[in-house]
Amino acid sequence: MDKLPPVSMASQGWGGPSTLLALLLLLLLLGRASPTFVSVNLGVTVMKGHSAYLSGDNLKFAVPKEKDACKVEVVMNEPITQRVGKLTPQVFDCHFLPNEVKYVHNGCPILDEDTVKLRLYRFTDTDTFTETFILRIYLLEPDCNIIQMSSSVLEVSEFYGLSRAIDKNLLSFDYGRAANLECTVRLDPVGTWLPAHGQMVLVEPGAEEPRGDQPHSFLPESQLGTELRCPGGSCTIGLKKVGSLKVSCEEFLLMGLRYQHLDPPSPNIDYISIQLDLTDSRSKIIYKSESAWLPVHIRAGIPNQVPRAAFTATFILEVDQFILTSLTTSVLDCEDDETPKSLLVFNITKPPLQGYMTHLLDHTKPITSFTWKDLNGLQIAYQPPNSSHSERRNYEVELEVYDFFFGKSTPITVHISIRTSDTNAPRVSWNAGLNLLEGQSRAITWEQFQIVDNDDIGAVRLVTVDGLLHGSITLRGGKGFLFTVADLQAGVVRYHHDDSDSTKDFVVFRIFDGHHSIRHKFPINILPKDDSPPFLITNVVIELEEGQTILIQGSMLRASDMDSSDDYIFFNITKPPQAGEIMKKPGPGLIGYPVPGFLQRDLFNGIIYYRHFGAEIFEDSFEFVLWDSHEPPNLSVTQVVTIHITPVDDQLPKEAPGVSRHLVVKETEVAYITKKQLHFIDTESYERELLYTITTPPFFSVSHRHLDAGKLFLVDSIPKLTKNPTALGLRSFTQHAVNYMKVAYMPPMQDIGPHPQHVQFTFSISNQHGGILHGICFNITILPVDNQVPEPTG
């Protein structure tokens, strides 16, 4: 419901039926004027150890999206809520998106229900309406867990004992062993406070092993069986403490991890908190998470004992009229033999009839629970009612105390006695603070801030002396420095937020009446509005090979938004890549298709790719602008992603322009094969890497009486560049050898006759990456030389 405005009852008595009737009519009118904004609140069902998203079927608000701004805040200073899980984000829009608001359970097996305290803020141009309500979380046993516990139990038979090793006989991890999933286990004993009465250890190697002929009785007692006796926790020889840990699931079951008891007296059961993550090895995105509490049975322990009230506390709180008064451990305290006091939680089961209990971090709002740690730190206080009485008034507040394993004490009653005060000094009788949306202004009115003064309320002045870190005060539209109680009652004192990304502000007033002076802090709570564009936090250069398609991982490209869900940040591509395309591939085996943009959750789900077309372009990029989910969207500046492509020799060698592939040689000479006759090029290979292989040695193109058609040979293989029958024929050579005139042709040793002869050989050419051209022909014309003596014919 809307917060009821405080009713000033200063110097009024409460006697007679007319007064009672007037009060009832006032409450009735206020109730009619304050309907609930929550139209659906069915709670959320969550499997233990898992998480669930909030939807409109679970929680819905009767606030038109087009009319007023509306925010929901998770109340964080209520330890009796979110006991075994957490709702995130802390502030979200009333019209939240699917998969935006999530409750994550921590794996605790003890409770079957949890609660989250939420506070709704509806902002009009002039007013802020608030409503506090409870969202229930119903916890169910899951049908199938990845973390599977066997019927065997982890046990310690005595105090300071050591358990057996955690292995596959106690735990197993059932996730199908998919090839693209990496399974990791994490332990966080500091963050989870588990185990509560022991620690995780490894037995150090090197302990003396018994010989086969040695009776066990000859060994030290500490090496008998699976347990070590460590009175006082002092026997740590051979044991290594394990703190925070992150290892693969397989390694976790093989490393020999054990539980060592440390803290008697303790309950007969302790827990080890395990968190398991399945990560997609390609996108590095967590595919699934699960938490579980592995029980450790302590045979020497006793069932958990509930907390109890401390005998040293008085359970009586003396309060001065109007004065916010802190509780101390001399007024309220409790004891528990098994749970550290800092982890004990007080739950208010019956609040006082007048006034309210509050936390000094925000003393304008009532609380229903608090920790012993805050009680000990003087952070818990009682705010008396803003009404004056001539007689002492007495109220009661009833509380229960919960320990770490949710055992609760019998009810504890604290008696509150409000003394009358006889002072002429001004006092603050009511301080509700301000709630406004980022960038708004609000009047500080008598509803939020009330002051009493016995002798002359008209003489009271307020001066701003501190605070205003993110805003300013005005009086009737001008600068406000000093104002009166009448100004407050007239609503002409306003706070203006400077529209910065801030969530808290305050102003300290010096309040004086000419004779007495006090200082008082007025808190201002600022709810964020979605006015900031997303910003890029990770932009890694994309590297791939020519013609390849690569997954754009969430670790390579990531943005964030302070005011809205990161999942719904949209990457709007304003200048697409030139040498490739951005593709969405919705799932394995499905065909990808080009997209003009994508959501960040698409990146997180591993379905966004860059595909290179394969052309000889090795630098690429694309530009985009980030949009958030606000209507209209807040836009970032243009961002650029750089893409480096590594060349791949997927091109075939090509013949250089103007090459004849034809050699003319006299039959009595040898001739070099040069670049003019034979020259192939490859843009992605060096010429020494282009290899010619002769597939058909030289042969006469027409039938001829000579079988020998000459040969190609290496110039360096003969001492003199003349015809030499001992020269070995070449079967392969490189373009580099041709360029440096190392390859030559030698005509046949026999005379070819009076006419020119035509010789051919065929070859293939290949580069180092396997690109091959086959069946290329090289032509040779051999010219005859008349150097023979004529022979008589008759």
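**Exercise 1. Is Tyr-356 buried or exposed?**

Solution. Keep in mind that we're working with a predicted model here. Start with the number: Tyr-356 has a relative accessible area of 12%. Then bring in the cut-off, since buried means under 20%. So Tyr-356 is buried.

**Exercise 2. Find the aromatic partner of Tyr-356 and classify the pair.**

Solution. Step one is the search: the whole structure holds 24 aromatic pairs. Among them is the pair of Tyr-356 and Trp-430, with 6.2 Å centre to centre and 80° between the planes. Planes over 60 degrees apart count as edge-to-face, and that is the label this pair gets.

Next, place both residues in the chain. Tyr-356 belongs to strand 26 (residues 356-359) and Trp-430 to strand 32 (residues 427-431), so the pair links distant parts of the chain, 74 residues apart. Finally, check the cover on the partner: Trp-430 counts as buried because its relative accessibility is 14%, and the limit is under 20%.

**Exercise 3. Do the same for Tyr-692 and Phe-733, then look for a wider ring network.**

Solution. The centres of Tyr-692 and Phe-733 are 5.2 Å apart, with 20° between the planes. Under 30 degrees counts as stacked, and this pair is stacked. Again distant parts of the chain are linked: Tyr-692 sits in strand 58 (residues 691-700) and Phe-733 in strand 60 (residues 732-734), 41 residues apart. Both Tyr-692 and Phe-733 are buried. Now widen the view: ring pairs join these two with Phe-680, Phe-761, Phe-763 and Phe-778 in a cluster.

**Exercise 4. Locate the charges that sit over the rings of Tyr-402 and Phe-506.**

Solution. Take Tyr-402 to begin with: the charged end of Arg-83 sits over its ring, 5.1 Å from the centre. For Phe-506, the charged end of Lys-521 does the job, 4.7 Å from the ring centre.

**Exercise 5. Work out how exposed Phe-535 is and what surface patch it belongs to.**

Solution. Phe-535 lies in strand 43 (residues 535-539). Its relative accessible area is 38%, so Phe-535 is partly exposed. On the surface, Phe-535 joins Ile-537 and Met-562 in a nonpolar patch, and together they have about 300 Å² of accessible area.

**Exercise 6. Trace the open sheet that contains strand 37 and name its edges.**

Solution. Read off the order: four strands run 34-40-37-38, with antiparallel pairing. The edges are strand 34 (441-443) and strand 38 (478-479), each pairing on one side only. Zoom in on strand 37 (residues 471-475): two bridges join it to strand 38. There, Thr-474 stands opposite Lys-479 of strand 38.

Conventions:
Residues are numbered from 1 along each chain as its sequence is written. This is a predicted model: local features need pLDDT of at least 70, side-chain atom pairs count only at pLDDT 80 or more; totals for chains, interfaces and linings use all residues. Side-chain values use heavy atoms; hydrogens and water are left out. Patches are made of residues with over 30% relative accessible area and no salt bridge: like charges are joined within 9 Å, nonpolar side chains (Val, Leu, Ile, Met, Phe, Trp, Tyr) within 5 Å. Accessible areas come from the Shrake-Rupley method with a 1.4 Å probe; for residues, only the protein chains shown count as cover. A salt bridge is a side-chain nitrogen of Lys or Arg within 4 Å of a carboxyl oxygen of Asp or Glu. Buried means under 20% relative accessible area, exposed over 50%, partly exposed in between (1.4 Å probe, protein chains only). Rings of Phe, Tyr and Trp (its six-membered ring) pair if their centres lie within 6.5 Å; planes under 30 degrees apart count as stacked, over 60 as edge-to-face and the rest as tilted. A charge sits over a ring if NZ of Lys or CZ of Arg is within 6 Å of the ring centre and within 35 degrees of the ring normal. Two strands pair if DSSP finds at least two bridges between them.
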